[in-house]
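Colleague: Before planning work at the bench, I should like to go through this structure with you. May I put some questions to you in turn?

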Amino acid sequence: MDTVEKRVHAFVRIRPTADFAQDMIKFGQDNKSIDIYIKKDVKKGVVNNRQTEWSFRLDGVLHNASQDLAYETIAEKLVSEALNGYNGTIMCYGQTGAGKTYTMTGTTADYRHRGIIPRAIQQVLKAAAHCVDRFVTVRVSYLEIYNETLCDLLATVTSSGTSDVPLAVVDCPEGVYVKGLSIHTVNHEEDALNLLFEARRNKYCSLVIAEHALNKHSSRSHCIFTIYIECNFRVLSDVKCINSKINLIDLAGSERLSKTGSEGQVLKEATYINKSLSFLEQIVIALSDPRRDHIPFRQSKLTHVLKDSLGGNCNTVLVANICGEAVHVDETLSSLRFATRMKWITTEPVVNETSDMRWTVKTLEKEISFLKRELAMHDSLVNRSLVTYDPLTEIQIADIKSQVLKYLEGSIDEIDIVNIRQVQEVFRQFKQLLSQQEQEVEARLRSKYALIDKNDFAAIAAAQKTAGFLTNKVSTCSVFGFQLLVPVQTDLVPLVHLVRKEGIGTSSSGKEIDALLQSKNQLITSTKDLDMKEGVRNQDAANIDTQSSKLAFLKDSPQLSSPPSKPAAFEQFKKECGSEINRIFKENKSILLARRKRSAAVAQRLNLMKQEMERIKEALGAQQQERWQQGEYVDETGQIIIDEEEFLLIMKLKDLKKEYRSDYAELQDLKAEIQYCQQLVDQCRNKLVSEFEIWYNESFLIPKDVQDTLKPGGNIRPGMIPINRVMCLEEDVQDGFERMQEAALPACPDSLSFYTAKMKAEQKHSYSRTMGALEQMRRKPGLITATMRSKSPAPLRVA
Ligand code: ADP
Ligand code: MG
């Protein structure tokens, strides 16, 4: 909109009259200006300073204009903009009898003479009926302001009488409205016109008025007919709502009090009329002055009701109705001045767009039901007729929970996917179970240890200080993101205990926490706990078996309710988690066998060679004997001459000896290799067995809470010991350290640091030794090396 359109539009309409003062009223060529000329008042003398010429520039002059043209000029654009969300106000201002009511309402006798209100109703309802992209609701109200009293002109139309509660103007962030004013939905032009006509007819019956003239009452009240337009339409998933209203105002007569000559009751009314109109004038002056920040809208009911319609976000049009007779020149001038002032007011019309939640909900409900039908059709096409898409019932949720539990226990392999809700519920149940287990473990830890947030360094330091003060020694370890603070109390015989990695579980309830913590790396605990663990460690397999039946939870094999036999489980282990170690073990074993075979062959050949050499030696001996008996021949250099047979025997013996030496060397080499291979095979076997033991314990014997630590996020997984743990800590060193601690620490707790350092050094040394050995093995061609780990004798025999 350009700046011209932002100003209030003002038109002048002259009531047709036979006495039109042609000399006094002149119209401009463009039909937008009106000039008033007054002859010098003879009575007031030759010298008078009264202005005699006035020129008013307006947006249009309607002289002898039909109601059609008047509507087209004044209202049509404003009404069509109201249909797009802009509020609109049309006010007719002027002295009584100037044609305000004719312009605004018109006459009921002739259709052609109908005024702006019936025409606007027609335009709005026609447009509403033709809208295809939106749903339009049209409502109307009719308010009269008489003697500063608000009156609902439609209240008597539809109900038995007016409401007892007086109407009141209410200011709210959404705008000004009249509380208690009846607003009537109209679906057809006829409904709206009926209301209008009925209201006008009842108007004079419902009010106590001055006896002397009905039209006087009419001239002293302001009537505001409002058309409310509500458009709802979809913008993607949102339902947008455009609300607008058109205020069509027939103001009271603007004539001055002095002119009426009224007295008593009528005089009071006249004062009121002019008062509210003079307030309207003040508002108009204030609004046209950009420096004014306070506009006294609340001064009168009329200005208060019109707060939104004047100078707000509204298209405003003023019609100055004037009489053409010379006698009314003062009122005419006054009306034209008012109209010109109105034109100074700037407005900023905006679309009143909101997101209507009520409509959004309604429309989305419709869409949901449509999509449900669509889904049902798709389901029936793929024979999925039993699927529902409603929220899950308690029973369905319980069923999903039991499925999830069964899945975790292993008694079912998969959970069928039915619909999105069910998938979400499955995840929810998983999450719930997980958090339950976490809470249980945490509660247990809390019942035994002081847990401090791992990142709360201040709390850790404070706790360490307090505990250290009491006990002299305190240490921490990290479990589940908490800092586990364990005072090393001197009376409890403190011990640093590096937990064995087998982590055999115990069903003894008080010690479950130890089993749990055994799965973690390193912690400090008391000797009592250690003794318990030692006891547990010494339990034989049978004992473990009887305990494990109580701990059956989260088994790897779904069909098992008690642990499988170790030989059977071992076969399973070799196929699954232990397959890589088993492969290395087998390959090394086959290399060992090949070397052994070769060694046997070489040894056998050496034996044969040895026998052959013995035989040749014997033959040579016989030859020598014979030579001695026959007498030896000596050549000129003194060398004994031998026959060819003996010579050949000697040569053969020489060759055999050479071959024997080479074979013997090979045999020695093979023996060394075999010994080496044997060592490697033994180590592989040990590793296979120890990993199996761990896997077996973790899979079948370790109690639930320890299993919890093996959940994702922990650093241990069933059957899988992290390589860093295997490599960094030789158990021989660890065992030695434990023994040393048991022996040394009780007597001298201060030696803790010393022994810790020593243990670390030994660990390091052991590590480099292991690495050296591995490196040596790697250099042997054809040998596959496996991660080495010494281990206590395996309870299971492996061939
Ligand atoms: P107001 O409401 O300003 O007091 P009215 O609308 O009642 O004046 O008009 C007074 C009389 O003049 C009415 O009888 C009305 O029909 C007539 N009248 C006013 N303006 C026109 C017009 N433009 N054409 C024909 N008759 C008119
Ligand atoms: Mg009137």
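Colleague: In which loop is I412 found?

Modeller: Please bear in mind throughout that this is a predicted model. Two helices flank the position, α13 (394-409) and α14 (420-448). I412 is found in the loop between α13 and α14.

Colleague: Is I412 buried, partly exposed or exposed?

Modeller: Leaving aside neighbours within four places in sequence, I412 is in contact with Q403, K406 and Y407. The relative accessible area of I412 is 26%. Buried would require under 20% and exposed over 50%. Since 26% falls between these limits, I412 is partly exposed.

Colleague: How many helices and strands does the chain have?

Modeller: The chain has 799 residues, of which 45% count as buried. Among contacts between residues at least 6 apart in sequence, 72% join residues at least 24 apart. The secondary structure of the chain comes to 25 helices and 22 strands.

Colleague: At roughly what angle do the axes of helix α1 and helix α4 cross?

Modeller: Helix α1 covers residues 67-74 and helix α4 covers residues 116-130. The crossing of α1 past α4 is right-handed. Their axes come within 10 Å and cross at roughly 65°.

Colleague: Which residues make the contact between α1 and α4?

Modeller: By class, this contact has 4 nonpolar, 2 polar and 2 charged residues. On the α4 side, the contributors are I116, R119, A120 and Q123. On the α1 side, they are Q67, D68, Y71 and I74.

Colleague: Is N64, in the loop before α1, buried or exposed?

Modeller: N64 lies in the loop between β5 (60-63) and α1. Its phi is near 55°, a positive value in a residue other than glycine. The relative accessible area of N64 is 56%, and the cut-off for the outermost class is over 50%. N64 is therefore exposed.

Colleague: N147 also has a positive phi; how does N147 count by relative accessibility?

Modeller: N147 is not a glycine, yet its phi is about 55°. It lies in the loop between β7 (135-146) and β8 (149-152). The relative accessibility of N147 is 21%, while buried means under 20%. N147 therefore counts as partly exposed.

Colleague: Which residues surround ligand 1?

Modeller: R13, R15 and P16 are among the residues surrounding ligand 1. The others form a run along the chain. They are Q95, T96, G97, A98, G99, K100, T101 and Y102.

Colleague: Which residue has a polar side-chain atom 2.6 Å from an oxygen atom of ligand 1?

Modeller: Two residues approach the ligand through backbone atoms: G97 has a backbone N or O atom 2.6 Å from a ligand oxygen, and A98 has a polar backbone atom 3.3 Å from an oxygen atom of ligand 1. The approach from a polar side-chain atom, at 2.6 Å from an oxygen atom of ligand 1, comes from T101.

Colleague: What distance separates the C-alpha atoms of S335 and G94?

Modeller: S335 is found in helix α11 (residues 329-344) and is buried, with a relative accessible area of 1%. Not counting residues up to four places away in sequence, it touches Y93, G94, Q95, S254, A320, N321 and I322. S335 and G94 are 241 residues apart along the chain. Their C-alpha atoms are separated by 5.8 Å.

Colleague: Which residue has a side chain joined to that of R627 by a polar contact of 2.8 Å?

Modeller: R627 is in helix α20 (residues 579-630) and is buried, with a relative accessible area of 12%. Beyond four places in sequence, R627 touches E632, I640, I641, I642 and E646. One of these is 19 residues away in sequence and 9.9 Å away, C-alpha to C-alpha. Its side chain makes the 2.8 Å polar contact with R627, and that residue is E646.

Colleague: Helix α20 also holds S599; how far apart are S599 and L667 in space, C-alpha to C-alpha?

Modeller: S599 is buried, with a relative accessible area of 11%. Not counting residues up to four places away in sequence, S599 touches L667, L670 and I674. S599 and L667 are 68 residues apart in sequence. In space, C-alpha to C-alpha, they are 5.9 Å apart.

Note on methods: Residues numbered from 1 in each chain as written. Chains lettered and ligands numbered in written order. Predicted model: local features only at pLDDT ≥ 70, side-chain atom pairs only at ≥ 80, totals over all residues. Heavy atoms only, no water. Axes fitted to C-alpha atoms, helices over the stretch in contact; angles between N-to-C directions. Helix = DSSP H or I, 4+ residues; strand = E, 2+ residues; numbered from the N terminus. Left-handed = near helix turned anticlockwise from the far one by under 90°. Contact = heavy atoms within 4.5 Å. Nonpolar A, V, L, I, M, F, W, Y, C, P; charged D, E, K, R; others polar. Buried < 20%, exposed > 50% of the residue type's maximum accessible area, 1.4 Å probe, protein only. Near = heavy atom within 4 Å. Polar contact = N/O pair within 3.5 Å; in protein donor to acceptor, adjacent residues only side chain to side chain.
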